[in-house]
Amino acid sequence: MLKTILTSLVSAALLAAAPAWADPAPARDNMSHALAVTGVVETPLTLKVADLRQLPPANGGKIAVTRHNGDKAETITSYKGVLLRDILDKAVLDAPGHNDVKKLAIIATATDGYAVVFSWGELYNSPAGEGVIVYYEKNGKALDDNDGEIALISAKDIRTGPRHVKWLNGIEVRKLVE
């Protein structure tokens, strides 16, 4: 009898706890609804997709998004957005001295905390800058929950995945050295 009661109590306790094991935590809303441009800029900006559409367009064709180890994560057939450089030009980098721009780092951050870094030289003084695009359409459609409303890709990187920022919501310009 005691064994039956103990078995019933243990079974009841396990059943009560089962939902915590069985149900994953609710999905976090990573959607990016706006892009804040902050830091060492003369004009901090908050840009929504409609604002990005007013800037000079940058389009890309088929690109494989590859992980750091070279594995393919996905293939994007087309994307539409704006060069990161054009967004920075709209915010106007606050670098009055001749060499000040050479000391700037640009950090792109996602709603989930993921962040990547670019140098001024990379964006403005190398071919790589032509491929760093803040995009709002992929494969002919507006971005969805998988990417956020706004994302970024560095299309000229050899491995595009490490600097592919889904759910992009921040661009911060920092001066690294005096």
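# Pairs, salt bridges and a helix face

Colleague: What makes S1 and strand S2 (residues 45-47) a pair?

Modeller: They are joined by three bridges, in the antiparallel sense. Strands pair if DSSP finds at least two bridges between them. Three bridges meet that cut-off, so S1 and S2 are a pair. Note that this is a predicted model: local features need pLDDT of at least 70, side-chain atom pairs count only at pLDDT 80 or more, and totals for chains, interfaces and linings use all residues. Residues are numbered from 1 along each chain as its sequence is written, and side-chain values use heavy atoms, without hydrogens and water.

Colleague: What do S1 and S2 form, and how many residues lie between them?

Modeller: A hairpin, with five residues between the strands. Across the pair, Leu35 stands opposite Leu47 in S2. The strands themselves are DSSP runs of E, at least two residues long; helices are runs of H or I, at least four, and numbering starts at the N terminus.

Colleague: Why is Thr46 called exposed?

Modeller: Its relative accessibility is 55%. Exposed means over 50%, buried under 20%, and partly exposed in between (1.4 Å probe, protein chains only). The value passes 50%, so Thr46 is exposed. Thr46 sits in strand S2.

Colleague: Which residues does Thr46 touch, not counting those up to four places away in sequence?

Modeller: Ala34, Leu35, Ala36 and Asp51. Contact means heavy atoms within 4.5 Å. The C-alpha atoms of Thr46 and Gly170 are 9.0 Å apart, with their positions 124 residues apart along the chain.

Colleague: What makes S12 a partner of both S1 and S7?

Modeller: The bridge counts. S1 (residues 35-39) and S12 (residues 168-175) run parallel, with four bridges. Strand S7 (residues 104-110) and S12 run antiparallel, with seven bridges. Both counts satisfy the two-bridge rule, so S12 pairs with each. Gly170 in S12 stands opposite Ala36 and also opposite Thr109. Further along, Ala105 faces Arg174 in S12.

Colleague: Why are S2 and S8 placed at the edges of the sheet?

Modeller: The open sheet has five strands in the order S2-S1-S12-S7-S8, with mixed pairing. S2 and strand S8 (115-119) each have a single partner strand, so one side of each lacks a neighbour in the sheet. From one strand to the next, the twist averages 15°. Axes are lines fitted to C-alpha atoms (for helices over the stretch in contact), and angles run from 0 to 180 degrees between N-to-C directions.

Colleague: Where does H3 lie?

Modeller: Across S1, S2, S7, S8 and S12, at about 135° to S2.

Colleague: How do you know that the buried residues of H3 share a side?

Modeller: In H3 (residues 84-91), the buried ones are Leu84, Arg85, Ile87, Leu88 and Ala91. They cover an arc of only 160° around the axis, so they lie on the same side of H3. The arc is taken over the directions from the helix axis to the C-beta atoms. After H3 comes Val92, with a positive phi near 65°.

Colleague: Why is the contact of Lys138 and Glu74 called a salt bridge?

Modeller: The N to O distance between their side chains is 3.0 Å. A salt bridge needs a side-chain nitrogen of Lys or Arg within 4 Å of a carboxyl oxygen of Asp or Glu. The pair fits, so the name applies. Lys138 is in strand S9 (residues 132-138) and Glu74 in strand S5, 64 residues apart. Lys138 is buried because its 14% relative accessibility is under 20%.

Colleague: Which residues form a network of salt bridges with Glu74?

Modeller: Lys138 and Asp147. The whole structure has eight salt bridges.

Colleague: What makes Asp100 and Lys175 a salt bridge, at 3.9 Å?

Modeller: The distance runs N to O between side chains. It is within 4 Å, so the pair counts. Asp100 is in the loop between H3 and S7 and Lys175 in strand S12, so the bridge ties together parts 75 residues apart in sequence. Asp100 is buried because its relative accessible area is 16%. Lys175 has 34%, so it is partly exposed.

Colleague: Are Asp157 and Arg163 buried or exposed?

Modeller: Both are buried. Their side chains meet in a salt bridge at 2.9 Å, N to O.
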